[in-house]
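Reader: I should like a close look at one pair of neighbouring strands and what surrounds it. Please then continue to the cross-links of the chain, and state each cut-off as it arises.

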Amino acid sequence: MMWNPWRQLYRTALGCMILEIFIHNVAQGLNVCMSGSAMSCEECLIIHPSCAWCAQEKFGSARTLTSRCDLRQNLQKRGCEAHHMESPSSSTTVVKSEPLSSKGSGPTQYDVIQIMPQKISLSLRPGDQTSFKVQVRQVEDYPVDLYYLMDLSLSMKDDLDTIRNLGTKLADEMRKLTSNFRLGFGSFVDKNMSPFSYTARKYQDNPCNGYKLFPSCVPSFGFRHLLSLTDKVDRFNEEVQKQMVSRNRDAPEGGFDAILQAAVCKERIGWRKEAFHLLVFATDDVPHLALDGKLGGLVQPHDGECHMNEKNEYSGSTNMDYPSLALLGEKLAANNIYLIFAVTKRLYVIYKNFTALIPGTTVEILDQDSKNIIQLIVNAYNNIRSKVELTVWDQPEDLSLSFTATCQDGQPLPGLRKCADLKIGDTVSFNVSVDARGCPAPGTQQSFTIKPVGFKDRLEVSVDYRCDCGCTDQTQANSTHCSSIGQYTCGICRCDPGYLGARCECQEGEAGSMYLSACRQAEGMQICGGRGECSCNQCLCYESEFGKIYGTFCECDDFSCARHKGILCSGHGECHCGECKCHAGYIGDNCNCSMDTSSCVSDDGQICSGRGSCACGRCQCTEPGAFGDTCEKCPTCPDACGTKRECIECRLFSSGRLSDNQTCQRLCKDEIITVETLKTDDPNAVLCLYKTENECVMKFTYSEHANGMSVLTALKEPECGASPDAMTVLLAVVGSILLVGIVLLAIWKLVITVHDRREFARFQSARSRARYEMASNPVYKQPISNDYVETDFTMYSKSYNGAAH
């Protein structure tokens, strides 16, 4: 089937109309607050943030189980005063908000602020979302602590030779970025146990024993801290020059053990609180991960604590397994450390995958001999400083957080908590929305922290919950409102055991079968029709989100009547006890039939254009081929051409019955297309012709398009014959007469010729017969004329004279 854009447009419009009706019905009929059947103020507040509780004493009708939990506007319409409504909302209070700093070093370096605000308090109602704004700025000239952690396995010997003077050169480059720079150094190999290292006796002091290329090296070790962070960079060079490589057995290294100890042993390493922490991890192979330690019999997981002995070596290397990626990421983030993986090209993809699992990490490609290490560190530093990413710590399980980042372009980015391509000193903002999913135990206060990755600055957020109603503070025990045998709280009675009723006016024994029969419409039917409760021998009807339930036995309501297109009583009537009472001008079971015929009047003033009848405000076309809201379209009707002719006359030539401009515009709304030559090969178009006052012929076609528009295609001008010339007429007449005369003479000549030839033929035939008869008669002699005698004589004389000579 060929795709039809108009059919698709129609279906889309129909779908939108149905959706709009559905939304309208939901908005009008359903009420989430009343559907929850809340029996107390606290239960009401949990249902939905739009719900409110009415604690007013006199509220609702006497014979209805009035729901005090409803939309605030509905409670107000039902007579509940505003000061009796319990409807708390979520709020945000800024507790501390110091302005952002612009510079990091100098006399104010310990007061540097890079996040604003620093402390806020949230008061949350379940389901009622609140939000706050966080601004972050990376200040200029911020102090930097850089700890260089190097793999000293045998394969890194050439790299060790390269970095022996690294400290001075690196300090010179880093001082271009910050005036306050400190440098530290540590190294690692692997766990000194089988199967990770050589443990045989001959290798204990020299794992390179017997290795011809490097016959001497130091025993392997897990992690060794060699130089605490210092601004005396010459000491870095001295320590590096003292180092020797070692040799382990398998290819992977124990670098993750070293990273974790460098992160958590803050005092030994010397990390400053007011500084940017960089940990450079240089290696040429993959690391061991958690559970690899089981190969050596290490089943105890890493505890994430610092285990450094008096020699500044990792003492837990042969006691605990390698740390997991999750533990590593947690400790790095907790201590505000940016990790830079400096690895060879073949390992780039592996460590790039690690960066996705460890926040605040980046990876750079290291040359085989570490010649590019300084530029690598500078590039990594600039890359880290060009990004800001928020993390959340200690988020309560019943809270939902969502972020929207606004970076340098000013465009909000929902769902993102990270900005990139920043310059130092740029300020970015994040909008944080918080939603409580439930209520914890009364009096519970919780908190969480938002901090940028690698920053010491943080935003502390305290949370309390608005799940209690203020009206509970005015609870009255043994209240007279409750017949002195119940507790009156928030407008309702909580009866003592053995009593019931809205005012605790009935005892439970009174609800026996003989009393319940008064609440049945007939024997065997449900009590109060299943739509109410029998209290003290009378029905108290339930309230419904759909409408009102009423009647002695709750048998009536105002929402169970017939509907049209989902609308109760078509919107043209009222529902009374299951029956539509139609408004004036409407009839039918669902009041969908309008008695008004104005919608059936066509532009020419006729009902349904004279081609149908009006039923329920809509035309029912009876003329074959007629259609349209008022049956105005009918290409195949006998009067179609005549109707459209008047529009052609008034629109194109300002003539005819509709020549009045206003009448023409009102009645002739069809599209008219003028052409030089009219095409009549369209099977869906009707060809119309009419004679004008000048005896000319006007032609046009009439068709209906799929979009419901009538289209008239007409000639620009009527077709008219040219007036004849007098001389031409005279010559034509004379020529015609001459031509007729010549034709007649030719015919006469032909007849005479044919007649003569026939007569001559008969003469010849008669003559032939006469000769035959004379030749065959013996008595007949040929007559001799004088001419013949003279001829014979002459011939004889000529013969004689000849002979004489």
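**A hairpin and its surroundings**

Author: Strands S20 and S21 pair in the antiparallel sense over six bridges. This is a predicted model, in which local features need pLDDT of at least 70 and side-chain atom pairs count only at pLDDT 80 or more, while totals for chains, interfaces and linings use all residues. Residues are numbered from 1 along each chain as its sequence is written, and side-chain values use heavy atoms, with hydrogens and water left out. Helices (H or I, at least four residues) and strands (E, at least two) are DSSP runs, numbered from the N terminus. Two strands pair if DSSP finds at least two bridges between them.

Across the S20 and S21 pairing, Gln-446 stands opposite Val-463 of S21. Six residues lie between the two strands of this hairpin, where Gly-454 takes a positive phi near 85°. Strand S20 is also joined to strand S15 (residues 388-393), by four bridges, and these two strands run antiparallel. In that pairing, Leu-390 has Pro-452 of S20 as its bridge partner. In a regular strand the side chains alternate between the two faces of the sheet.

The loop between S20 and S21 also takes part in a salt bridge (a side-chain nitrogen of Lys or Arg within 4 Å of a carboxyl oxygen of Asp or Glu). Here the side chains of Lys-456 and Glu-274 meet, at 3.3 Å from N to O. Lys-456 lies in the loop between strand S20 (445-452) and S21, and Glu-274 in the loop between helix H9 (266-269) and strand S12 (276-283), so the pair ties together parts that are 182 residues apart in sequence. Both Lys-456 and Glu-274 are buried; the word means under 20% relative accessible area, with exposed over 50% and partly exposed in between (1.4 Å probe, protein chains only).

Strand S12 appears again around helix H12. Among what covers the buried residues of H12 are S12, S9, helix H6 (166-174), strand S13 (337-343) and strand S14 (361-365), where contact means heavy atoms within 4.5 Å. The buried residues of H12 include Ile-373, Ile-374, Leu-376, Ile-377, Val-378 and Ala-380. Tyr-381, Ile-384 and Arg-385 of this helix are buried as well. An α-helix has 3.6 residues a turn, so residues three or four places apart point the same way. The expected span of a helix is 1.5 Å times one less than its number of residues. Helix H12 (residues 373-385) has 13 residues and should therefore span 18 Å, which agrees with the 18 Å between its end C-alpha atoms.

Strand S9, one of the elements covering H12, takes part in a further salt bridge. In this one, the side chains of Asp-145 and Arg-182 meet at 3.4 Å, N to O. Asp-145 in strand S9 (residues 144-151) and Arg-182 in strand S10 (residues 181-188) are 37 residues apart, so that pair links distant parts of the chain. Asp-145 is buried because its relative accessible area is 0%, and Arg-182 is buried with 17%.

The structure holds 16 salt bridges. Another is that of Glu-579 and Lys-581, whose closest N and O atoms are 3.7 Å apart. Its two residues are partly exposed: Glu-579 at 46% relative accessibility and Lys-581 at 40%. Elsewhere, salt bridges that share partners join Asp-145, Arg-182 and Arg-272 into one network.

The covalent cross-links beyond S21 complete the account. A disulfide is a pair of cysteine sulfur atoms within 2.5 Å, and the structure holds 21 disulfides. One of them joins Cys-482 to Cys-493, S to S 2.0 Å, and is left-handed, with -95° about the S-S bond. Cys-482 lies in the loop between strand S21 (459-465) and strand S22 (486-489) and Cys-493 in strand S23 (residues 492-495), so this disulfide ties together parts that are 11 residues apart in sequence. Cys-482 and Cys-493 are buried.

A second example joins Cys-569 to Cys-580, S to S 2.1 Å, again left-handed, with -90° about the S-S bond. Cys-569 counts as buried because its relative accessibility is 0%, and Cys-580 is buried with 11%.
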